[in-house]
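Biologist: I have the sequence and the coordinates up on my screen. Could you walk me through what is worth looking at?

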Amino acid sequence: MAAARPYRTTPVFDETSLPAALRARHSTKAGVWGMIRIMEGRVKLTDVESDSELVLDPDTPGPLLPQQVHYVEPLGPMQMFVEFYDRAPE
């Protein structure tokens, strides 16, 4: 089976252009997986339901499950984008 490929990718955001909606509690839709990719800097990903935090950087992407309630917080200067998949990415 071929590797999952994103069907949509957000623009690249930095610490000033990251939308308020991504900084607040939100979730992926049913049947949608996400992957937060960091190009520069660091971002804190908080999973609301498990009350866990993960610091993302260029070597540590942030996988998102369907309907996972989460939010992100820049940890200084950064650049990131989000990929969306219709099945679990590798």
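Here is our conversation, question by question.

Biologist: Before we start, what kind of model is this, and how are residues numbered?

Modeller: This is a predicted model, where local features need pLDDT of at least 70, side-chain atom pairs count only at pLDDT 80 or more, and totals for chains, interfaces and linings use all residues. Side-chain values use heavy atoms, with hydrogens and water left out, and residues are numbered from 1 along each chain as its sequence is written.

Biologist: In what order do the strands of the open sheet sit?

Modeller: Strands here are DSSP runs of E with at least two residues, numbered from the N terminus, and two of them pair if DSSP finds at least two bridges between them. Strands of a sheet pair through backbone hydrogen bonds, either parallel or antiparallel. In this open sheet the pairing is antiparallel, and the 4 strands come in the order 3-8-5-6.

Biologist: Which strands are the edge strands?

Modeller: Look for strands that pair on one side only. Strand 5 doesn't fit, since 5 bridges join it to strand 6 and strand 5 also pairs with strand 8 over 5 bridges. The edge strands are strand 3 (26–27) and strand 6.

Biologist: Which residue stands opposite histidine 26?

Modeller: Strand 3 and strand 8 run antiparallel and are joined by 2 bridges. In strand 8, aspartate 47 has histidine 70 opposite. Histidine 26 also stands opposite a residue of strand 8, namely histidine 70.

Biologist: How many residues of strand 5 are buried?

Modeller: Buried means under 20% relative accessible area, exposed is over 50%, and partly exposed is in between (1.4 Å probe, protein chains only). In a regular strand the side chains alternate between the two faces of the sheet. Here Val43, Leu45 and Asp47 point one way, Lys44 and Thr46 the other way, and all are buried. The count for strand 5 is 5 of its 5 residues.

Biologist: Which residue in the hairpin of strand 5 and strand 6 takes a positive phi?

Modeller: Most residues other than glycine have a negative phi, and most peptide bonds are trans. This hairpin has 4 residues between its strands, and aspartate 47 of strand 5 stands opposite serine 52 in strand 6. In the loop between strand 5 (43–47) and strand 6 (52–56) there is an exposed residue with a relative accessible area of 67%. With phi near 55 degrees, the one you want is aspartate 51.

Biologist: What is the phi of glutamine 67?

Modeller: Glutamine 67 is in the loop between strand 7 (62–64) and strand 8 (69–74). Glutamine 67 is not a glycine, yet its phi is positive, at about 65 degrees.

Biologist: Which residues are linked in a network of salt bridges?

Modeller: A salt bridge needs a side-chain nitrogen of Lys or Arg within 4 Å of a carboxyl oxygen of Asp or Glu. Glutamate 53 forms one with lysine 44, with the closest N and O atoms 3.7 Å apart. Lysine 44 also meets glutamate 73 at 3.5 Å, N to O, a pair 29 residues apart that links strand 8 to strand 5. The network is made of Lys44, Glu53 and Glu73.

Biologist: And arginine 37: which residue does its side chain meet in a salt bridge?

Modeller: The rule gives 3 salt bridges. Arginine 37, in strand 4 (residues 33–40), pairs with a residue of strand 9 (residues 79–85) that is 46 residues apart. Arginine 37 counts as partly exposed because its relative accessibility is 27%, while the partner is buried, with a relative accessible area of 11%. At 2.9 Å, N to O, the partner is glutamate 83.

Biologist: Which strand gives the most to the largest nonpolar core?

Modeller: A nonpolar core is a set of buried Ala, Val, Leu, Ile, Met, Phe, Trp, Tyr and Cys residues joined through side-chain atoms within 4.5 Å. This one has 15 residues, and those touching the most other members are Leu18, Ile36, Ile38, Val43, Leu45, Val72 and Met80. Strand 4, strand 5 and strand 9 each give two or more residues. With 3 residues, the one giving the most is strand 9.
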